[in-house]
Amino acid sequence: MAEGKRKHGLRALGVYGLLVVIPVLASILLLTREGTRTGAAAKAAAAAGHPVAQLLLAIAVVIAACKATGWVMRRIGQPPVVGEIAAGIVLGPSLLGTIWPAGASAVLPAAIMPQLNVLAQVGIVLFVFLTGLELNTRLIRGRGHLALVVSHVSIAVPFVLGILLAVVAYAKFAPKGVGSLPFALFIGVSMSITALPVLVRILKDTGMFHSRVGVVAVTCAVVDDVTAWSLLALVVALITASSMLGVLLTLGLAAAFAGLLYYVVRPLLARFFTRTSEPVLRRVAPLALVGVLLCAMATDWIGVHAMFGAFMFGLVFPRGNVVEQWLHENASGLTTALMLPLFFAYSGLRTNIGLLADPALWLWCAAILVVAVVGKLVSATVAARSVGESFCRALQIGVLMNCRGLTELIVLNVGLDLGVLSPEMFTMLVLMALISTAMTAPMAQYLDKRAGRREARLQAEVH
């Protein structure tokens, strides 16, 4: 019996040596030979550092900076988004890159910018989808005349003023090879934007969301948002298409896509949601994100930017169900807490206030701000006054419609990516967006109190 165990042991040892020891030794020999050939590549990879660790550090720094500046802004009566936009500028070459270049390159090295951009673009696609999902188009019912007049006037006037400004600025600021028409159209669109999500946050923070003027402003901003995104899609199609036939083809495909979503996908989704039980809907809720990404991919392929498809899908998506609730609880929180700060940081890294060293450029910056504020605020005020609002309430609506915020940054980044905006013009427009957003909350609150006192006095005189 002992002899049998000894034979089995020797046999096992032989098998182990044949199938384990010899293959391991052979592998070591082969790897040693290969290592002499790839030594230089390995050293280069080691010198590159730890890209995952660098990316995680950058994300942590960006989120911390955005939340800290957002908290400071909230303390002084500003919406957090103002601080978050400012944090992106602070982390970029405008401040940190100037006073501490080594620290800026260590925290946000150039090697991780492509990864940050990808995450930021996914975040923007989700944000735009959620914007479309949150649009309450029922607000327009009963206020269609007011909404159309105020929103379209507040788009048309700044659009025309932006084109006039672009005609003057074209020779100085248009990138080489960009035609005057694309440049002018893009400046016009950038002047026409109202940031609906930021406007809603300001109204909620100031307690005006459910007030009459708040509802009017949001109603106008709904129409404004749909019109502005459609204009952006049109301008992008004009810029990216190589001929007028290409423009018509792009616009035709975009219109066909919108029609497909509204007349085919929307009824199918509504039927599916009404016939499916809540437990099943909860299980398939994440598939809504698949729909968002596919729609974004489709319009990006068409040539009108991925955001247009995400926005349209948000508009046609059924409301008042567990899937919408799941999206707000999961996708909204992730987008706001993680991905949008990355977009702010990426925008800030492309904003270099140091480019405006020439005093003449600051005069241009002031001119852009004046044109933007006058075009949006004044035109919306006049339009609201013409449909029966008191002067103070009309001015309050104009102030609220002048809020640009995150939506403006999205549009400006599209322009910079397409090569339509120069870095100098991009920086000046970012500053315009930041200032026009920062002035919204304090001015709206002041006008609300003043109008409230006047209305109370008039009511007391009547009684």
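Ala, Val, Leu, Ile, Met, Phe, Trp, Tyr, Cys and Pro count here as nonpolar, Asp, Glu, Lys and Arg as charged, and the others, Gly among them, as polar. By that scheme, the lining of the second largest cavity has 6 nonpolar, 1 polar and no charged residues. The model is predicted.

## Overall fold

The chain has 21 helices and 0 strands. Of its 463 residues, 47% count as buried. Long-range contacts carry much of the count: among contacts with a separation of 6 or more, 83% join residues 24 or more positions apart. The number of disulfides is 0.

## Cavities

Rolling a probe the size of a water molecule over the atoms shows where empty space is left. Here the count is 2 cavities of 30 Å³ or more.

| Cavity | Volume | Lining by class | Top contributor |
|---|---|---|---|
| Largest | About 50 Å³ | 5 nonpolar, 3 polar, 1 charged | H19, 4 residues |
| Second largest | About 30 Å³ | 6 nonpolar, 1 polar, no charged | H11, 3 residues |

The largest cavity is lined by Gln121, Ile124, His305, Met307, Phe343, Ile410, Asn413, Val414 and Asp417. Two elements give two or more residues to this lining: helix H7 (113–134) and helix H19 (405–417).

Around the second largest cavity sit Trp229, Leu232, Ala233, Val304, His305, Met307 and Phe308. Helix H11 (212–240) and helix H15 (306–316) each supply at least two of these lining residues. His305 and Met307 belong to the lining of the largest cavity, and His305 and Met307 also belong to that of the second largest.

Ile410, part of the largest cavity's lining, has several contacts beyond four places in sequence. Its partners are Ile124, Phe127, Val128, Trp229, Met307 and Phe343. Of these, Ile124, Met307 and Phe343 also line the largest cavity. Trp229 lines the second largest.

## Nonpolar cores

In soluble globular proteins, nonpolar side chains tend to be buried together. The largest nonpolar core in this model holds 80 residues. Which members touch the most other members of this core? They are Leu108, Met191, Phe344, Ile410, Met425 and Leu429. Helix H20 (residues 423–438) gives the largest share, 8 residues. A second, separate core has 33 residues, including Phe257, Ala306, Met312 and Val316.

Two of the residues that touch the most other core members, Leu429 and Phe344, are worth following through the chain.

**Leu429.** This residue is found in helix H20. Why does Leu429 count as buried? Its relative accessibility is 0%, and the cut-off for buried is under 20%. Leaving out residues up to four places away, Leu429 touches Ile187, Ser190, Met191, Ile368, Leu412 and Leu421. Ser190 is 239 residues away along the chain, yet the two C-alpha atoms are separated by 8.1 Å. Met191, another contact of Leu429, is itself among the core residues that touch the most other members.

**Phe344.** Helix H16 (residues 322–349) holds this residue. Phe344 is buried, because its relative accessible area is 2%. Beyond its neighbours within four places, Phe344 is in contact with Cys66, Val81, Glu84, Ile85, Gly88, Leu406 and Leu409. The C-alpha atoms of Phe344 and Ala87 lie 7.4 Å apart, with their positions 257 residues apart in sequence.

## Other buried sites

Helix H10 (residues 196–205) is mostly covered, with 7 of its 10 residues buried. Those residues are Leu196, Pro197, Val198, Leu199, Val200, Ile202 and Leu203. Gly207 follows H10 and has a positive phi, near 75°.

Thr250 lies in helix H12 (residues 244–275). Is Thr250 buried or exposed? Thr250 counts as buried, because its relative accessibility is 8%. Not counting residues up to four places away, Thr250 touches Ala237, Ala241, Ile302, Gly303 and Val304. Val304 is also one of the residues lining the second largest cavity.

Two cysteines can be placed as well. Cys365 counts as buried at 7% relative accessibility. Cys392 counts as buried at 11%. With 0 disulfides in the model, neither cysteine is part of one.

Definitions and conventions: Residues numbered from 1 in each chain as written. Predicted model: local features only at pLDDT ≥ 70, side-chain atom pairs only at ≥ 80, totals over all residues. Heavy atoms only, no water. 1 Å grid on protein atoms, 1.4 Å probe; cavity = no way out; pocket = protein on both sides within 12 Å on 5 of 7 lines; lining within 4 Å. Points joined across faces, edges and corners; volume = space filled by probe spheres on them. Core = buried A, V, L, I, M, F, W, Y, C linked by side-chain atoms within 4.5 Å. Buried < 20%, exposed > 50% of the residue type's maximum accessible area, 1.4 Å probe, protein only. Contact = heavy atoms within 4.5 Å. Disulfide = S-S within 2.5 Å.
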